[in-house]
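Q: Could you take a close look at how side chains meet one another in this structure, starting with charges that sit over rings? I would enjoy one connected walk through it.

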Amino acid sequence: MMINKALFSLFIILISLSHGAGQVFISGGNITYERKIQMHKILEANTWFKGNLDNVPKFYISQFELRFNPDTMIYSKSGEDEPNSSSWAVYAKDNEIVSLLNSHQAIMKKNVWNDSYLIKDTLRSYKWKLVNETRKIAGIECKKATTILNDSMYIIAFYAENIAVSGGPEQFNGLPGMILGVVIPRLHVSYYAQKVVVNEKQNLTLPKQRIKSSMSRKEFQEMIIKSLKWEFSNASLGVLYLFI
């Protein structure tokens, strides 16, 4: 009986290995993301815009590129926004982020109005809950996960296990594979990969920073909350993009 159990266990292991043998794991490449913001949802509570939403495009759509290898990720804007997209209603809409995976460090550039800020800190940590649900994004099978950011902001993510780098758009990371889709209902925004280009020999050069001084994530948040007090008091959802 013991021999039968041992043979059965060996059989299960061999079957598992044979299924996994055909799976190709990606460790370098370029991902193009489309960020879609529902501007009507953001502005409908604003009394100044009430009754004038027909003059505002329903969506503000932007393209971002994530270049990655096992050690580094560089996330930045690609292309121009639509000229009538009401992008002025969204703060820090053009975040640039360098993630150094080995040292668990992040270098972020955020543009607020006409000012640019450089933030250096550790990679943001998330407590993900894995969900038994899948969907295809950019032709790649992805699994679902959820988390809560800043105590109240619900986030849905879809990650690809065969892209063996734990990253994603903006600062999202920490799942067993690359995040190809993110939905943040409270901010009325979604990020979805449109194209994945494999480049296993991806050689990344860190962008030169023209801003000499930097601050921590906490220092940046405290400064922004103080300087944009009026916007916070008027519940402008756009300001929350500063903190994702």
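A: Happy to. In this predicted model, Arg135 is placed over the face of Phe158, 5.1 Å from the ring centre. A second charge over a ring is that of Lys36, which lies over the face of Phe59 at 4.9 Å from the ring centre.

From charges over rings we can turn to rings beside rings. There are five aromatic pairs in the structure. One of them joins Tyr33 and Tyr75, whose ring centres are 6.5 Å apart and whose planes meet at 65°, so this pair is edge-to-face. Tyr33 belongs to strand E1 (residues 29-38) and Tyr75 to strand E3 (residues 72-77), so their contact ties together parts that are 42 residues apart in sequence. Tyr33 and Tyr75 are both buried. Phe64 joins them too: ring pairs link Tyr33, Phe64 and Tyr75 into a cluster.

Another aromatic pair is made by Tyr126 and Phe172. Here the ring centres are 5.4 Å apart and the planes are at 35°, so the pair is tilted. This pair also links distant parts of the chain, 46 residues apart: Tyr126 sits in the loop between strand E6 (115-122) and strand E7 (129-137), while Phe172 sits in the loop between strand E9 (153-160) and strand E10 (178-184). Buried means under 20% relative accessible area, so Tyr126 counts as buried at 13%. Phe172 is buried as well, with a relative accessible area of 1%.

Now for charges that meet charges. Side chains of opposite charge can pair when their charged atoms come close. The structure holds five salt bridges. Among them is the one between Asp121 and Arg217, at 3.9 Å from N to O. Asp121 is in strand E6 and Arg217 is in helix H3, so to follow this link you have to look at parts of the chain 96 residues apart. Arg217 is buried, with a relative accessible area of 14%.

Another salt bridge joins Lys143 to Glu161, and their closest N and O atoms are 3.2 Å apart. Since Lys143 is in strand E8 (residues 140-149) and Glu161 in the loop between E9 and E10, the pair ties together parts that are 18 residues apart in sequence. Lys143 counts as partly exposed at 35% relative accessibility, and Glu161 counts as partly exposed at 33%. A further salt bridge is that of Glu65 with Arg67, where the closest N and O atoms are 4.0 Å apart. Glu65 is partly exposed at 24% relative accessibility, and Arg67 is partly exposed with a relative accessible area of 26%.

Arg217 brings us to one last feature, the empty space inside. Searching the whole structure turns up one cavity of 30 Å³ or more. The largest cavity has a volume of about 40 Å³. Arg217 is one of its lining residues, along with Lys110, Ile119, Arg124, Gln171, Phe220, Gln221, Leu242, Phe243 and Ile244. Helix H3 (residues 217-227) gives the most to this lining, with three residues. By character, the lining of the largest cavity divides into five nonpolar, two polar and three charged residues. Arg217 is thus a good place to pause when you view the model: the residue meets Asp121 in a salt bridge and also lines the largest cavity.

Notes
Residues numbered from 1 in each chain as written. Predicted model: local features only at pLDDT ≥ 70, side-chain atom pairs only at ≥ 80, totals over all residues. Heavy atoms only, no water. Phe/Tyr/Trp six-rings, centres within 6.5 Å; stacked < 30°, edge-to-face > 60°. Helix = DSSP H or I, 4+ residues; strand = E, 2+ residues; numbered from the N terminus. Buried < 20%, exposed > 50% of the residue type's maximum accessible area, 1.4 Å probe, protein only. Lys NZ or Arg CZ within 6 Å of the ring centre and 35° of its normal. 1 Å grid on protein atoms, 1.4 Å probe; cavity = no way out; pocket = protein on both sides within 12 Å on 5 of 7 lines; lining within 4 Å. Points joined across faces, edges and corners; volume = space filled by probe spheres on them. Nonpolar A, V, L, I, M, F, W, Y, C, P; charged D, E, K, R; others polar. Salt bridge = Lys/Arg side-chain N within 4 Å of Asp/Glu carboxyl O.
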